[in-house]
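Notebook open, coffee poured. I'm going through this one piece by piece and jotting down what I look up.

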Amino acid sequence: MAAVSLKGICKDFGTVRTLHGIDLEIRDGEFIVFVGPSGCGKSTLLRSIAGLEEISEGELQIDLQRVNELPPVKRGISMVFQSYALYPHMSVFENLAFGLRLAHKSKAEYTPQVEQVARVLQIDHLLTRKPKELSGGQRQRVAIGRAIVQRPKVFLFDEPLSNLDASLRVQMRIEIAKLHRELATTMIYVTHDQVEAMTLADRIVVLRAGRIEQVGSPTELYHRPANRFVAGFMGSPSMNFLPGRIAQIDENGIVVALSGGARVSVQVAPGRALPGDEVCVGVRPEHLHLAAGDNELAGEAMAIEQLGDSTVLYLQSAAAAEPLAARLPPLLPLSHGDACTLSFAPHHAHLFDVTGKAFERMSPIPAATTGESYSL
Amino acid sequence: MAMVQDKSHLGKILAAHAGLIAFLLLTMFPFLMIVSISLRPGNFASGSLIPDTISFEHWKLALGFSYTDASGRLIAPPFPVLHWLWNSVKIALITASVVLLLSTTSAYAFARLKFRGKELGLSALLLVQMFPAVLSLIAIYAIFDEIGNYVPWLGIDSHGSVILAYAGGIALHIWTIKGYFDTIPAEMEEAAIVDGASHFQAFWHVLLPMALPILCVVFLLAFIGAIIEYPVASILLHQEQNLTLAVGSKLYLYEQNYLWGDFAAAAILSGLPITLLFVVAQRWMVNGLSSGGVKG
Ligand SMILES: Nc1ncnc2c1ncn2[C@@H]1O[C@H](COP(=O)(O)OP(=O)(O)OP(=O)(O)O)[C@@H](O)[C@H]1O
Ligand SMILES: [Mg+2]
C-alpha cells in the first residue's frame, strides 16, 4: 500500500522526448487509469513507474521514497503485461512461484502462498499445467496471480484485457474491480477501452502526446471536460462539435451563431469572452433529441445504426462539416435521406474557446456523484 | 490433412516421390559406397556396391585388433584409430561447449543490449567469417607457434590450440541464435525482471530455456564442424598420438599405397559420434517449447 508521486517526469528516447513533465499525485489505495490515443505515452509512463524504462528527468516517489534509481522489485511494484508474458517452459505453479524463488524463499514457505493466490483466482486446479494448455482467460489469471503473489505496494496493468474477447473482458473487468476492493492496493491501469476506464477508475488520467490533459473522476471527465480533446475522447460516439461565433452574452449563458446559420444558446459562464469570439459548441450524442426545441439543428439522415438498445443517427447538417451523431431511442422508423431536426437543451451543451479550453458550465454535476476537482 | 484434392493430385504425388527417392539415392550413394569398401577384402576403391565376400579386416584394424590375412601374415593395426576418435570427440565436445557459451552470450548482447557499433559489429562478424580459413592457415600456424612460447598447452601440436582456433568461428552461430532471441518478446524478460530477476537471471531462467531447441542445433553444428574439420587441424597437430580422426585417416592414403578399406572404416567411425549426439539432442530440438507464453 503506497502513494505514488510523480514530479515533472520526462522521458527521452534518444533525442525524442516522449513524456513532457508529468505531475501526478496518486493516493494510497487509489485505482488510477491512464487513457489516451495510441502512441501518447501511456505504456512509457507505466514502464517508467515500473522501472523498466529509465526516467530522464523528474522524480518518482513510491511510499514517500525516491525510487528513480531502484530496480522494479525494490520499488515494490508488480506488473501485468498485455501479452501476459508467462514463462512457457514452467508450469502455472512455477510461474507463480518464480519471483518468490528468486527472493530465496523456501518451497515450504511459498507453496501455501501460491496456493492461496491460485484459489482466489480460481486457477488452483491448473497449477500443474503449462501456459500453452490454458485458455486466454486462464492465462490472464495466471499473469495477474503472478503479480499478486509478490504482494506489491503498487499494481501496474498495461492493457491486460485487450487480448480477450468481449464477454471475457467484462468478466475479468469485474474481477479486477473486486480484486481492488479486496486488496485495497494502489493500482495503475492503462487501457484504451473507455468502458474499462469509466467503470474501474477512481480517477482517470487523460494523456495526449506525452502531456496530461486532465485528471478527474469518470463523472467529472464526462460532465466537466477541461478541453475539447478530453471532451472528444471520452464518450462513444464522441461529442459533436459545432463551430461558430459568440453572438450575445446574457445571464443565461452565451448565444452562439453557428457557421451553419443557426443560433444556439449554451449555459456556460462567459468568463472573459466577448461577442464575436470564435468558439465551438460541443453536444454529446446522447443529449440530442429528435424533437423541436430550444436549439435546433436541421439536416438529412445519412446513416442509421440500430444498436438494439438505442438508435444512432448520423445527420448531415449545415452546422458542422462532420455528420452529427445522435443517440436516440431504439427502433425509430428512420431511413436514409429523411429530413430530421435535432435539438438539445442549453444546460447539456459545452463550449470551447479557440484554444480548445472549456468554458465553465453553469449546471452542477448531477447528484449522486462525488467529483473532486483535479484539473491541471 | 484430409483436404479434398483434385484427381491429378495423385499423379503429382507419385512424381514428387519418384523425384525425392532418386535424389535420396544420389545423396546416399557415396555413403553406401564407403560402407561397401570398408566391408570388402583388400584395399580397392572401385568394385560393385554389394561386395561378393564380406570381410571385417578393416574394421578389426580400425578398432585396434590384429588380424591374420590369407597368406597367414599377422597384420597389426597401423594407426591408433580409436585414440584418434577419442581425440576428435574430446576436441569436438569442448569446442561445441565453448562455441555455445560464446555465441549465446554474444547473441544475447546483440539481441537485447543497446551499445554503440552494434550494427557494424554484426556485419563485421559476417564479413570476417566469409574469409576462408584455409587462406589464413599460415597466419594461424604462426600465431599458435608464438602463443606456444608462452602458453605451452595452447601451442602447436596441442589440442588447446585446435579448440581455440575452432572457437573463433562463431559468427554464423551468433547470427542464428540472435535471430531466435529476436523472436522471443522482450516482455518475457521484463516480466522476470519485475519478478525480481537480475539481467543474468532473466537470461538464464527465462531466455535460455526458451531457446533450448536452437541451442541444441548450434551445439550439434559446432560439434559436427569440429569432427570433420581438416585443414586447420592438419597444420596444428603433428604427432601421431595427437591427431584427430579426420587428419589421421589421411595417413591411410600415402602415395604408393592407398589403404581404401582401412580409410573407409575410419571414416564411418568418425560419423558415429555425430549420429549418437544427434539422437540424444533430438529430444530437445522439438519445436513449440516457447509457445503459450504470450497471447494467442
Ligand atoms: N523504445 C523506444 N524507442 C523509441 N521510441 C519509443 C520507444 N518506445 C516507445 N516509443 C515512442 O514513444 C511514444 C509513446 O509510446 P507508448 O508505447 O508509450 O504509447 P502508448 O500510449 O502505450 O500507445 P498504445 O496505446 O498504442 O500502446 C510513441 O511515439 C513511440 O513511438
Ligand atoms: Mg501501450
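**Chain A, overall.** I started with burial: of the 376 residues in chain A, 52% are buried. Note to self: this is a predicted model. I then checked the extent of chain A, and the C-alpha trace spans about 75 × 45 × 40 Å along its principal axes. For secondary structure I get 9 helices and 19 strands in chain A.

**The record for chain A.** I looked up UniProt next. An unreviewed entry there puts the feature "domain: ABC transporter" at residues 4-234 of chain A. Over residues 4-234 I find 38% helix and 26% strand. The end C-alpha atoms of that span are 25 Å apart.

**An open sheet.** In what order do the 5 strands of the open sheet in chain A run? I read the order as 13-12-11-14-19, with antiparallel pairing. Strand 13 (263-266) and strand 19 (350-352) of chain A are the edges, each pairing on one side only. From one strand to the next the twist averages 45°.

I went through the pairings of strand 11 (residues 240-250) of chain A in detail. With strand 14 (residues 278-283) of chain A, strand 11 pairs in the antiparallel sense over 6 bridges. I picked out two residue pairs here: G244(A) has V279(A) as its bridge partner in strand 14, and F241(A) has G282(A).

Strand 12 (residues 253-258) of chain A also runs antiparallel to strand 11, and 6 bridges join the two. One of the pairs I noted there is Q248(A) with V255(A) in strand 12. How many residues sit between strand 11 and strand 12 of chain A in their hairpin? I count 2 residues between these strands.

**Salt bridges.** Side chains of opposite charge can pair when their charged atoms come close. I ran the search over all chains and the count came to 16 salt bridges. I wrote up three of them.

- R17(A) with D12(A): the closest N and O atoms are 2.7 Å apart. R17(A) is partly exposed because its relative accessibility is 30%, and D12(A) also counts as partly exposed, at 24%.
- R47(A) with E190(B): the closest N and O atoms are 2.7 Å apart. Why does this pair join two chains? R47(A) lies in helix 1 (residues 42-50) of chain A and E190(B) lies in helix 8 (residues 186-194) of chain B, so the pair joins two chains. I checked burial too, and both R47(A) and E190(B) are buried.
- R66(A) with E69(A): the closest N and O atoms are 2.8 Å apart. R66(A) is partly exposed, with a relative accessible area of 38%. E69(A) is at 59% relative accessibility, so I put E69(A) down as exposed, the cut-off being over 50%.

I followed R47(A) and E190(B) a bit further. They are linked with K11(A) and E53(A) in a network of salt bridges.

**Chain B, the record against the model.** Where does UniProt place the feature "transmembrane region" in chain B? The unreviewed entry gives residues 12-39, 91-110, 122-143, 163-181, 202-228 and 258-281. I checked two of these spans against the coordinates.

- Residues 91-110 of chain B come out as 100% helix and 0% strand, with the end C-alpha atoms 28 Å apart.
- Residues 122-143 of chain B come out as 73% helix and 0% strand, with the end C-alpha atoms 25 Å apart.

**A nonpolar patch on chain B.** Which residues make the nonpolar surface patch of about 670 Å²? I list L24(B), M28(B), F29(B), F31(B), L32(B), L49(B) and I50(B). I singled out F31(B), whose place is in helix 1 (residues 9-39) of chain B. F31(B) counts as partly exposed because its relative accessible area is 46%. That value clears the patch cut-off of over 30% relative accessible area, so F31(B) can be a patch member on that score.

Methods: Residues are numbered from 1 along each chain as its sequence is written. Chains are lettered from A and ligands numbered from 1 in the order in which they are written. This is a predicted model: local features need pLDDT of at least 70, side-chain atom pairs count only at pLDDT 80 or more; totals for chains, interfaces and linings use all residues. Side-chain values use heavy atoms; hydrogens and water are left out. Two strands pair if DSSP finds at least two bridges between them. Helices (H or I, at least four residues) and strands (E, at least two) are DSSP runs, numbered from the N terminus. Axes are lines fitted to C-alpha atoms, for helices over the stretch in contact, and angles run from 0 to 180 degrees between N-to-C directions. Patches are made of residues with over 30% relative accessible area and no salt bridge: like charges are joined within 9 Å, nonpolar side chains (Val, Leu, Ile, Met, Phe, Trp, Tyr) within 5 Å. Accessible areas come from the Shrake-Rupley method with a 1.4 Å probe; for residues, only the protein chains shown count as cover. A salt bridge is a side-chain nitrogen of Lys or Arg within 4 Å of a carboxyl oxygen of Asp or Glu. Buried means under 20% relative accessible area, exposed over 50%, partly exposed in between (1.4 Å probe, protein chains only). UniProt positions are given in the numbering used here, feature names are shortened, and annotations may be inferred rather than shown by experiment.
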